[in-house]
Amino acid sequence: MNIYRYEENPLVTPADVKPYHEGFEVIGAFNAGVAEYNGEVLLLLRVAERPISNDPMIVKAPVFNAATQELDILEFRTDDARYDFSDPRVIRNVNHSATFEYLTSLSYIRVARSTDGHHFTIDDKPLVYPAQSLESFGIEDPRVTQIGDTYYIYFSAVSPVGVGESMVSTQDFVNFTHHGMIFGPDNKDVLIFPEKINGKYYALHRPTTKSTGNPEMWIAESDNLVYWGNHKHLAGLRDGMWDSGRMGGGAVPFRTEKGWLELYHGATLDHRYCMGALLLDLNDPSKVIARSNHPIMEPETDYEMNGFFGDVVFSCGALVDGDVVKMYYGVADTSMACAELNVKEILDSLTYE
Ligand code: MAN
């Protein structure tokens, strides 16, 4: 596989982003959704900000308070035996079964814009910011699907009651319609197809099941993009392979002559995140035609292997230009990068079922 990583990588780093909150530092500008609007490439960055702690014994957790519309900052002592601080992203309560009780940063969506797709200027203010209690721990990992003149922006809405997927839409990136939570908790990695297929809209989604099952990819149908049904399991984890631990959709699926191509992420149980591809039937995307037995991209460069949470390449959006796919991707839960791949080479690399 020929991969052309941009010389300018990483394209956007936390140092390029001015904190929106006073007393905070930007620790991530990553996992961006991608859109083309008015001749510009827009990266809808997930910006993660953390309250600065001057005491290494204190870990802080920012929480959006829907009643006051302000942030509350909670403080935890690292010698408090009730909590586990080993994952820098979260604060875990050792007596509870939930994977985390608080996040150490708050994420929201901010735009980086470019006329050449390589050099970006970052907006001063958030584009979409937590607005209600289902978003009190932040909003993360946006994806954008353009249908006609409307851009549907959907993202993980994180709060103490779970992580679900919420959606807003806009035609001008100024005025927004809020559609509420379209996939209830726990669910992430939703990818809405850019057109109807046999009269229905389709979306990939990734429930995290607790009774039986694993974090795997599902597909659902809708007449209106808001109410989703006829859920089907699409693709699962594979023991001993690059996607043995968890997996989920990445970029918005795009048409090729052989089928819908979905660039998805897979991780091992020790959290090494790679990108691979799934080929889905053009007329019935619930049918998998082929899949990557080996990743199409793995964390290899310094900026992919080292950061806030290293060994992660994680795409939320790509631009397709003829036979070239420009895959924008988050690196090490820290920055944004881009790589060009050839669509035909991706198709040829897949294993057909
Ligand atoms: C995981 C990671 C974090 C994220 C939380 C909540 O722990 O993906 O980056 O903040 O889930 O979604």
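This tour moves from the ligand site to a histidine in a strand, then to a threonine in a loop and finally to the cysteines.

The model is a predicted one, in which local features need pLDDT of at least 70 and side-chain atom pairs count only at pLDDT 80 or more, while totals for chains, interfaces and linings use all residues. Residues are numbered from 1 along each chain as its sequence is written, and side-chain values use heavy atoms, with hydrogens and water left out.

Select the ligand and then the residues around it, which are Arg46, Arg89, Val90, Phe100, Leu103, Glu140, Val158 and Lys188, where a residue is near a molecule if one of its heavy atoms lies within 4 Å of it. This shell divides into four nonpolar residues, no polar ones and four charged ones, with Ala, Val, Leu, Ile, Met, Phe, Trp, Tyr, Cys and Pro counted as nonpolar, Asp, Glu, Lys and Arg as charged, and the others, Gly among them, as polar.

Now show the side chains that approach ligand oxygen atoms: a polar side-chain atom of Glu140 lies 2.6 Å from one, a polar side-chain atom of Lys188 lies 3.0 Å from one, and an N or O atom in the side chain of Arg46 is 3.2 Å from one. On its own the ligand has 310 Å² of accessible area, and the protein covers 83% of it, as computed by the Shrake-Rupley method with a 1.4 Å probe.

Go next to His179, which lies in strand β14, residues 176–183 (strands are DSSP runs of E, at least two residues, numbered from the N terminus). His179 is partly exposed at a relative accessible area of 25%, given that buried means under 20%, exposed over 50% and partly exposed in between, with a 1.4 Å probe and protein chains only. Select Ser169 as well, and the side chains of His179 and Ser169 are seen to make a polar contact at 2.7 Å, that is, a pair of N or O atoms within 3.5 Å, one able to donate a hydrogen and the other to accept it.

Thr334 comes next, in the loop between β25 (324–331) and β26 (335–342), and with 14% relative accessibility it counts as buried.

Which disulfides does a search of the whole structure find? It finds zero, a disulfide being a pair of cysteine sulfur atoms within 2.5 Å. For Cys274, the nearest cysteine sulfur is that of Cys316, 15 Å away. Cys274 is buried, with a relative accessible area of 2%, and Cys316 is buried at 1%.

Definitions and conventions:
Helices (H or I, at least four residues) and strands (E, at least two) are DSSP runs, numbered from the N terminus.
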